[in-house]
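Work through the exercises below with the model open. Try each task before reading its solution.

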Amino acid sequence: MCDKHIDELADEHIMTNLETPLRADAFDLAVDEKVKLIEDDFKKIMLTLGLDLTDDSLKGTPKRVAKMFVKEIFGGLLPENRPGMSTFENKYNYNQMLVEKDIVVYSTCEHHFLPIVGRAHVAYISKGRVIGLSKMNRIVDYFAKRPQVQERLTMQVVKALQDALGTEDVACVIDAKHLCVNSRGIRDIESSTVTAEYGGQFKKDENLRKEFLSYLRLNTTFNV
């Protein structure tokens, strides 16, 4: 694949794979080993940029960045960080849509390694099992903490909840700003990107989709 085509894929934010692209040896190194290697590599990047790493403000930066990459913003690449997805019997027989809206999304564009910031809205209809509300936030956060494209993130959230709940009736909408659009290239600071993935009844029933989307317009800002 030529460099021009690769750049076009990146600038147009094209997704090439539903699964996060990982090498076969992705989990061979321990966390501390990854931190040390990235620290050394980032130090080289800073030196190449001409920065003076003897300055008190900069000398700790390579290690800070390495720890942040491995343990924080890309923590979703560590299998041990996957949240538990325990479900419970729907004893109260609630058979309507459940919506968890305005889940904060912090992710990173895999094409330019710049932030993606926005909100996710997730819904499901129980087929006998329910899941703790915070688990929906946690599964969004887990898949967001990877180099991502928004389409893949949306689909991964739906697939994970479908598997956990044993139902196809799951939906996810994400509205986010991409700093690779806002701060470079076209530099459009106003635009945002909306993606949606609908499964089961949400895909088949237009009225159900409209109901879901109507809940997202509700003003649920509370002063606590």
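**Exercise 1: a salt bridge and its exposure**

In this predicted model, Asp-141 and Lys-145 form a salt bridge, with their closest N and O atoms 3.2 Å apart. Classify Asp-141 by its accessibility, then do likewise for Lys-145.

Solution. Buried means under 20% relative accessible area, and exposed means over 50%. Asp-141 has 31%, so it is partly exposed. Lys-145 has 29%, so it is partly exposed.

**Exercise 2: neighbours in a salt bridge**

Classify Lys-101 and Asp-102, whose side chains meet in a salt bridge.

Solution. The N to O distance is 3.3 Å. Lys-101 stands at 19% relative accessibility and therefore counts as buried. Asp-102 stands at 33%, so it counts as partly exposed.

**Exercise 3: a link across the sequence**

Work out which parts the salt bridge between Glu-110 and Arg-152 ties together.

Solution. The two side chains meet at 2.7 Å, N to O. Glu-110 sits in the loop between S2 and S3, and Arg-152 in helix H5 (residues 150–165), so the pair ties together parts 42 residues apart in sequence. Arg-152 is buried, at 0% relative accessible area.

**Exercise 4: the sheet**

Find the edge strands of the five-stranded open sheet.

Solution. Start with the order: S5-S2-S3-S6-S7, with mixed pairing. S5 (147–148) and S7 (193–198) each pair on one side only, and these are the edge strands. Next, take S5 and S2 (residues 97–109): they run parallel and are joined by two bridges. Thr-108 stands opposite Pro-147 in S5. Finally, add helix H4 (residues 133–144): it lies across S2, S3 (115–125) and S5, at about 25 degrees to S2.

Definitions and conventions: Residues are numbered from 1 along each chain as its sequence is written. This is a predicted model: local features need pLDDT of at least 70, side-chain atom pairs count only at pLDDT 80 or more; totals for chains, interfaces and linings use all residues. Side-chain values use heavy atoms; hydrogens and water are left out. Two strands pair if DSSP finds at least two bridges between them. Helices (H or I, at least four residues) and strands (E, at least two) are DSSP runs, numbered from the N terminus. Contact means heavy atoms within 4.5 Å. Axes are lines fitted to C-alpha atoms, for helices over the stretch in contact, and angles run from 0 to 180 degrees between N-to-C directions. A salt bridge is a side-chain nitrogen of Lys or Arg within 4 Å of a carboxyl oxygen of Asp or Glu. Buried means under 20% relative accessible area, exposed over 50%, partly exposed in between (1.4 Å probe, protein chains only).
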